[in-house]
Number of protein chains: 2
Amino acid sequence: MSKIALLGYGVVARGVLEVLAENGALLARRLGAPLEVKSILVRRDFPGDPNAGKFVRDFAGICADPEIEAVVEVMGGEEPAYTYTAAALRAGKHVVTANKQLLAHRGQELLDIAGETGVNYLFEASVGGGIPILRPLRECLSANRVDEVCGILNGTTNYILTEMIQCGTDFSEALSQAQALGYAEADPTADVEGLDAQRKICILADLAFGRNMPPEAVSAQGIRAVSREDVEYAQRLGCVVKLLGRALRLPDGTAAAYVAPHFISKTNLLSHVDGVMNGIVVRGNAVGECLFYGPGAGGRATASAVVSDVVDALLHASRRKDWGWAASGAPEPQSAAAVVSRWFLRTDAGLAPIGAAFGNVQFLSHSGAPAGEYAFLTPPMTETALLARVGDMPLLSRYRVLD
Amino acid sequence: MSKIALLGYGVVARGVLEVLAENGALLARRLGAPLEVKSILVRRDFPGDPNAGKFVRDFAGICADPEIEAVVEVMGGEEPAYTYTAAALRAGKHVVTANKQLLAHRGQELLDIAGETGVNYLFEASVGGGIPILRPLRECLSANRVDEVCGILNGTTNYILTEMIQCGTDFSEALSQAQALGYAEADPTADVEGLDAQRKICILADLAFGRNMPPEAVSAQGIRAVSREDVEYAQRLGCVVKLLGRALRLPDGTAAAYVAPHFISKTNLLSHVDGVMNGIVVRGNAVGECLFYGPGAGGRATASAVVSDVVDALLHASRRKDWGWAASGAPEPQSAAAVVSRWFLRTDAGLAPIGAAFGNVQFLSHSGAPAGEYAFLTPPMTETALLARVGDMPLLSRYRVLD
């Protein structure tokens, strides 16, 4: 019998219990022994709950319990998750987590602790929910120099944008709808402002480049400013608007990561990742481009990744996984302003300043556009170069364009 | 220094040499030692070849060389690949392969030998070329009961169908074009008749269900009979024609696999997998559906998977990977005739027999259709039930429809 503890009793923890109940026989066969949740750390009462017998209020008891081989941290947030995770790893227990915030900020420290005590710290569920992406990136593509990771990393914002594109609703209406359906939280800030995607692209960059990418180095722009007009211009260009997290290796040997809404061509498979789904493209110098697609959130999907990690941790108990995630070294992170793109610009500044800044550009027509509004694409250039040309010209909107 | 041997000197072997040369420093860092190809088994001369110094004609020498830790078998075909692989595994060498034919027919035997001698037999490259699919299926989704694997597994036929769909060419024209571009071989039988996809869906079924799926149990229908008319009817239905390999767990506890062209709805992401690319959907009872997309062939892409497997084999030398692929047991393979689908049928048999067989069906219009030709969709039913209803009604075409 393999025994584990859950820290937290939210959607993912319940998903884990559901999957263990449903696939118990299959998991026992894979592990060679039944897998059982012995304790669940809760912070409040759940009257009449069928799992009440497993509830504990004190983490120290879990940490000191020699029967518990692995701890599943699904409480979220940086503290007390960091303290508990570090303590569990130091106590020789494997830790499996879905906590992207903790990983993005302190993952490297925790991996070091896991390395010292020779246990596993696994976190497939922290990016892309149930989609296998971190282990494929590190293990199946290990022959590659990874040059880019780029993806739709947040289901809530992708749902909102998909509604805006397919139904012509505006942002606030689509957000209310997402909240009504339970896809967005009452306080949607972390999703809508791109913070959730920022954490995830940090973790992807950490593993893709083997070097810590601190969240402070990653600019995050959300989707609040995406207008119906932008969505319509995108359609005219054969594109859709999607919020992307991107991490790139730049020609000068540095690396940059950022989160921002993009115009993506409909010939790019990412443009067809709709609704609450996630899709992540990895570009390696041997393989070319691969895409990984699936449910990026939800209790059962996330539990799929968590429980698979538990199986892996228990089967490979004696072998620390080396994630190749170093605190420093190359490629050094730098600002995303150095990343080259074509740009879509929309302005009501008039023709003269556009001509002065960009020369002969081709304008995009839009039947509903007010008089004096112009939209156009620029040649490829860095954000720094773009902003130098734009100067003090007022912009109504600005998007990177991805083919 | 880690030394390996290559068996074969074709496109994949050259890709492996290219990737090792280009990413040598990175691989040495990951492995803790440089990785070097010591010997290449060739069957003929390559005058003036830069690798001539590594060429050997005798496999026994490779097998007896204590310096060679891993053998990369990229010669293809069942023999002598089986004999060499078995001998290398028995000699305590890891074997990495891209040989789908050998795996589909005798993979389970070879895994047993690897298990006895405690070495790795790894074959990520055998399905989906460079796409990480086998290890994600077995490791990252191990919490799931896998209910279905379904994919575009052959780039040649997908290129031909994409040309037919996007340019209105017919099959033979698109095939010639694929041959001119090097996407199809002079003898295209294995691709066009679905045999390559058949081997790959066998391997996927083996791993998804944990039970050997013999190729003899898997019906394979190719794309030779796909006509321009079928492609146009599909468009009218909001579908495209794609060759799919599918393996499903059936409600009665058995499993079935087959290869056939399908009508796939454009709302299904697989319908957007175009050209020579591959895409594979895995449906698990916890995760739901995930899709893995990327280059399914080509020297460098396949080498990405091969070299990543070599790294994995060398890093985890002491641990045999248990692929959970048993010779017998549940789910028992059965005929694909038991798989339920909606069907697209096209016939010139006249209205009376259609009405007698299917009652009130809704006909699909097609402006170019000759008088007396009718096309329609059936309700969901097994192939067995369909054929019983069709009786001796002559059909012009018949496709399963996938939403």
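Two strands pair if DSSP finds at least two bridges between them. Helices (H or I, at least four residues) and strands (E, at least two) are DSSP runs, numbered from the N terminus.

This is a predicted model: local features need pLDDT of at least 70, side-chain atom pairs count only at pLDDT 80 or more, and totals for chains, interfaces and linings use all residues. Residues are numbered from 1 along each chain as its sequence is written, while chains are lettered from A and ligands numbered from 1 in the order in which they are written.

**Strand pairing**

In chain B, strand β7 spans residues 146-152. Of its 7 residues, 5 are buried (20 or more other C-beta atoms within 10 Å of the residue's own, with C-beta atoms placed from the backbone). The table lists pairings of β7(B), β5(B) and β12(A), each with one facing residue pair.

| Strands | Sense | Bridges | Facing residues |
|---|---|---|---|
| β7(B) and β11(B) | antiparallel | 6 bridges | G151(B) and I280(B) |
| β7(B) and β9(B) | antiparallel | 4 bridges | C150(B) and R246(B) |
| β5(B) and β6(B) | parallel | 2 bridges | V96(B) and L122(B) |
| β12(A) and β12(B) | antiparallel | 3 bridges | L291(A) and Y293(B) |

An open sheet of 6 strands in chain B pairs in parallel, in the order β3-β2-β1-β4-β5-β6. Its edge strands are β3 (55-56) and β6 (121-122) of chain B, and each pairs on one side only. Helix α12 of chain B (residues 299-315) packs on this sheet. The helix touches β1, β4, β5 and β6 of chain B. Its direction makes about 150 degrees with that of β4(B).

**Chain contact**

Residues are in contact if their C-beta atoms, placed from the backbone, lie within 7 Å. By this test, 43 residues of chain B are in contact with 43 residues of chain A. On the chain B side, α12(B) gives the most, with 9 residues. That side divides into 22 nonpolar, 12 polar and 9 charged residues. Nonpolar means Ala, Val, Leu, Ile, Met, Phe, Trp, Tyr, Cys and Pro; charged means Asp, Glu, Lys and Arg; the others, Gly among them, are polar.

**A helix pair in chain A**

Helices α5(A) (residues 100-117) and α10(A) (residues 195-209) pack at an angle of about 50 degrees, with their axes 8 Å apart. Axes are lines fitted to C-alpha atoms, for helices over the stretch in contact, and angles run from 0 to 180 degrees between N-to-C directions. The two helices are therefore oblique to each other; oblique covers angles not under 35, over 145 or from 65 to 115 degrees. Among the residues of α5(A) that meet α10(A) are L103(A) and G107(A). The contact divides into 4 nonpolar, 2 polar and 4 charged residues.

Notes:
Contact = placed C-beta atoms within 7 Å. Buried ≥ 20, exposed ≤ 12 C-beta atoms within 10 Å, placed from the backbone.
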